[in-house]
Amino acid sequence: MTRRRWIADTHNATHASLTGAQAQHLARVLRAGPSQVFDVVAGGHLHRAEIVSVADSEVIFLLHEEMLADPALPLHLLLAVFKFDRYEWAIEKATELGVQRITPVLARRTEKHLAQSSMKRVERWRRIAHEAAQQSRRSDVPTIDDPLSLKLALEQTTASNKVLLAETEEENSLASILTANQGAETALAIGPEGGWTQDEMALFTAQEWHFVTLGPRILRAETAAIAALAIASALL
Ligand code: SAM
């Protein structure tokens, strides 16, 4: 039986709690009650769990046995900031596809007003990732970093396999680079709507990123992100 899965807001060794909107939804919409059993992720561990008390402000679970859970894929997406409605869509889909970390990048061609308001958007992006993780039955929530300049984002990239999705590349494919680096943690960088500037491309080259193509067509940034993650998740 597939049980609905929740990601706990707080937990200790024996109990976990949902608070805020999650608690309200369980209490008012689902009319959950004591002794009902759900799957609950607490501190990255997946448990069968039984409700012990329900209030609009907090639902408390007793944690039962731990179950096997799939870890996130070792994928770090560096995604230049673009129009927020499509950016939110990309965060949701990337979470469903198993991404581990997303760094919003303030690229030279990210529109000024988007760059300025992006810091205020991060909490919303984190909520979207939380909901998408729960809905897609993940046992973890991807990390959404604070927005960073490209220089800082590159400095904070720890993956050994670093891949730049570039519409100017004609030969190397994403699949070939991933196959040659099986098992390695991989960073994927996607540019803004206007693409990366020459200076930004030079930064990637200096830090030995592999340039790869997704084919001859120019894709919108969010399409490129989802296509790249789908290919990577199939190969990893
Ligand atoms: N500079 C381009 C232009 O205006 O012609 C468009 C940039 S594209 C909309 C945004 C990002 O998607 C690019 O920076 C790149 O990372 C990625 N991208 C789009 N099409 C791609 C392709 N065919 N192969 C690899 N990456 C692609």
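**View 1. Residues that surround the ligand.** In this predicted model, 18 residues surround the ligand, and the closest are Leu165, Leu214, Gly215, Arg217 and Leu219, where a residue counts as near if one of its heavy atoms lies within 4 Å. By class, this shell holds 10 nonpolar, 5 polar and 3 charged residues; Asp, Glu, Lys and Arg count as charged, Ala, Val, Leu, Ile, Met, Phe, Trp, Tyr, Cys and Pro as nonpolar, and the others, Gly among them, as polar. Local features need pLDDT of at least 70 and side-chain atom pairs pLDDT 80 or more, whereas totals for chains, interfaces and linings use all residues. Residues are numbered from 1 along each chain as its sequence is written, and side-chain values use heavy atoms, with hydrogens and water left out.

**View 2. Backbone atoms beside ligand nitrogen.** A nitrogen atom of the ligand lies 2.7 Å from a backbone N or O atom of Arg217, and for Gly215 a backbone N or O atom is 2.9 Å from a ligand nitrogen atom. A polar backbone atom of Ala166 is 3.5 Å from a nitrogen atom of the ligand. Taken alone, the ligand exposes 580 Å², of which the protein buries 85%, with areas from the Shrake-Rupley method and a 1.4 Å probe.

**View 3. The two domains of the chain.** The protein chain is divided into domain 1 (5-67) and domain 2 (75-235), with bounds from an automatic or database domain assignment. Their C-alpha centres lie 32 Å apart. The contact between them, meaning heavy atoms within 4.5 Å, takes 8 residues from domain 1 and 8 residues from domain 2.

How values were computed:
A polar contact is a pair of N or O atoms within 3.5 Å; within protein, one must be able to donate a hydrogen and the other to accept it, and residues adjacent in sequence count only if both atoms are side-chain atoms.
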